[in-house]
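Visitor: I'd like a walk through this structure, with the reasons behind each label. Could you take me round?

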Amino acid sequence: MRVLIAGAGPAGASLAVQVAEAGWAVTLADALPSPERNAYSSAALPLADADRLGIPGACRSTIWWGWQLLDPDGLEHQWWAADPQGVVLDFAAFRRHLWDQARRSGVELLNGWRVQLDRLEARSADLILTSADQQQHRTVDLVVDATGPGRHLLKQAGVPVESTDDPLLKGDGVEWLLQGDRGNTARWRERVSFMLGREWMPHGYGWVFPMAQDRLKVGVCRLAPPDQPKVPLGTSLQRLLKRCDLDRLPVLDRHGGRVASTIRQQQPHGTGALWAVGDAAGTANLLGGEGIRHAIDSASVLSESLLSGRSHRGYQAALRQRYGWRWAVSNRLARRTWWGLNTPEADHRMQRLIHGLSGQTSAEHLSELLFGYRFERYGWRLLPYLN
């Protein structure tokens, strides 16, 4: 079986390894010429998931032990655990690891190549591959769209990526990598910090994540209603940096990205010989903008579906089963929270929620809520956000 996967992020690269090890002939193409380019992902993963997914220690920039939330007034609220709670990835190193793993599995890896769909049938596809100075034509048995929220091949094939009753919720973000020192990074070490409130980021949130070598990843993400005016991301990030006294630190890298997902994952995940995986299949969770661990899990679901001969509908059902009912609830919470976080009333509601968590929960329980989407403990507080 010949398969081409367009997009060598966590989902595409993981899928390539799995089907190659099953004996398929796999080509993995990515528009980026190197794994260091646009390494956009703060990737504060739970430690248990980092271990479950086999992420090597060399790809784990640092470990974190606690949560820090800065409320709309800028007050800090902290929760600490006795044991490590998660890791912050070095995403460039992780992508390099995935690409090396793919090569060792016999995958043909094409860096700096874009994929265009020329013809799509039920059991084959003709593709045009283009690099800076070459063009190739390929015919494959299966093609996989792993191009992220752009969903480039799905759109070329005319596959609807949303429905009227389950529309795409779209967000965007920007992140800077800063170089600090032992003094000015002390406030942010060993914890993941989130900033919540319209003065931090209207219709969204900000973050500061610690990295190795006294570096910080600082960013903002926005998930706004489509008909609302938007404050420029750069303006909000600059304001956050100044408010956190980080605006004088040297900037090592600037990158940005998008997120787009639906609440119930009702949209088609492919047609004919075309399949979607990762963010292209709507696996990014909107509550915290998470993508990596869900993308890798979706690769496992698609690999199993392809190797067992499932239909597209069967693959979609398997994905929904993997994520469960908590997924839809968390995305409803995301829409309610981020869309409405642009008024004094919303700030007040956010303050009450954060203050309600203070002293009544633990770092472990907060991790279960924000990473495991376990809402039962807080159900009565979260009900207003579901209306």
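**Hairpins, helices and rings**

Guide: Let's start with a hairpin: β10 and β11 form one, with four residues between them. Bear in mind that this is a predicted model, where local features need pLDDT of at least 70 and side-chain atom pairs count only at pLDDT 80 or more, while totals for chains, interfaces and linings use all residues. Residues are numbered from 1 along each chain as its sequence is written, and side-chain values use heavy atoms, with hydrogens and water left out.

Visitor: What makes β10 and β11 a pair of strands?

Guide: Strands here are DSSP runs of E, at least two residues long, and helices are runs of H or I, at least four long, numbered from the N terminus. Two strands pair if DSSP finds at least two bridges between them. Six bridges join β10 (residues 125–130) to β11, and the two run antiparallel, so the pairing criterion of at least two bridges is met. Among the partners, Ala 125 bridges to Val 140 in β11, and Leu 129 stands opposite Gln 136.

Visitor: And what joins β9 to β10?

Guide: Again six bridges, in the antiparallel sense. Leu 120 has Ala 125 of β10 as its bridge partner, and this hairpin has four residues between its strands.

Visitor: Why are β9 and β11 called edge strands?

Guide: The open sheet has three strands in the order β9-β10-β11, with antiparallel pairing. β9 (114–120) and β11 (135–140) each pair on one side only, which makes them the edges. Neighbouring strands of the sheet are turned by 25° against each other on average, direction ignored.

Visitor: Why is β10 described as largely enclosed?

Guide: Buried means under 20% relative accessible area, against over 50% for exposed and partly exposed in between (1.4 Å probe, protein chains only). Five of the six residues of β10 are buried, so the rest of the structure largely encloses that strand.

Visitor: How do you know that the length of α3 agrees with its residue count?

Guide: The expected span of a helix is 1.5 Å times one less than its number of residues. For the 14 residues of α3 (residues 91–104) that gives 20 Å, and the end C-alpha atoms are 20 Å apart, so the two agree. After α3 comes Gly 106, with a positive phi near 90°.

Visitor: What covers the buried residues of α3?

Guide: The buried ones are Phe 91, Ala 92, Ala 93, Phe 94, Arg 95, Leu 98, Trp 99 and Ala 102. Their cover includes α1 (10–21), β2 (25–30), β7 (86–89), β8 (108–111) and α6 (292–308).

Visitor: Why is α6 called largely enclosed?

Guide: Because 13 of its 17 residues are buried. Its length agrees too: 24 Å is expected, and the end C-alpha atoms are 25 Å apart. Just after α6, Gly 309 takes a positive phi of about 80°.

Visitor: How many aromatic pairs turn up in the whole structure?

Guide: Twelve. Rings of Phe, Tyr and Trp (its six-membered ring) pair if their centres lie within 6.5 Å; planes under 30 degrees apart count as stacked, over 60 as edge-to-face and the rest as tilted.

Visitor: Why is the pair of Trp 64 and Phe 371 called tilted?

Guide: The ring centres are 6.1 Å apart, and the planes meet at 40°, so tilted is the label. Trp 64 lies in β4 (residues 60–64) and Phe 371 in α10 (residues 363–372), so the pair ties together parts 307 residues apart in sequence. Trp 64 has a relative accessible area of 0% and is therefore buried; Phe 371, at 11%, is buried as well.

Visitor: What makes Phe 194 and Phe 209 edge-to-face?

Guide: The planes are 80° apart, with 5.5 Å centre to centre. Phe 194 lies in β14 (residues 191–196) and Phe 209 in β15 (residues 204–210), so this pair links parts 15 residues apart in sequence. Both residues are buried, and both belong to one aromatic cluster with Trp 64, Trp 67, Tyr 205, Trp 207, Trp 338 and Phe 371.

Visitor: How do you know that a charge sits over the ring of Trp 200?

Guide: The rule asks for NZ of Lys or CZ of Arg within 6 Å of the ring centre and within 35 degrees of the ring normal. The charged end of Arg 243 sits over the Trp 200 ring, 3.9 Å from its centre. Likewise, the charged end of Arg 254 sits over the ring of Trp 176, 4.4 Å from the centre.

How values were computed:
Contact means heavy atoms within 4.5 Å. Axes are lines fitted to C-alpha atoms, for helices over the stretch in contact, and angles run from 0 to 180 degrees between N-to-C directions.
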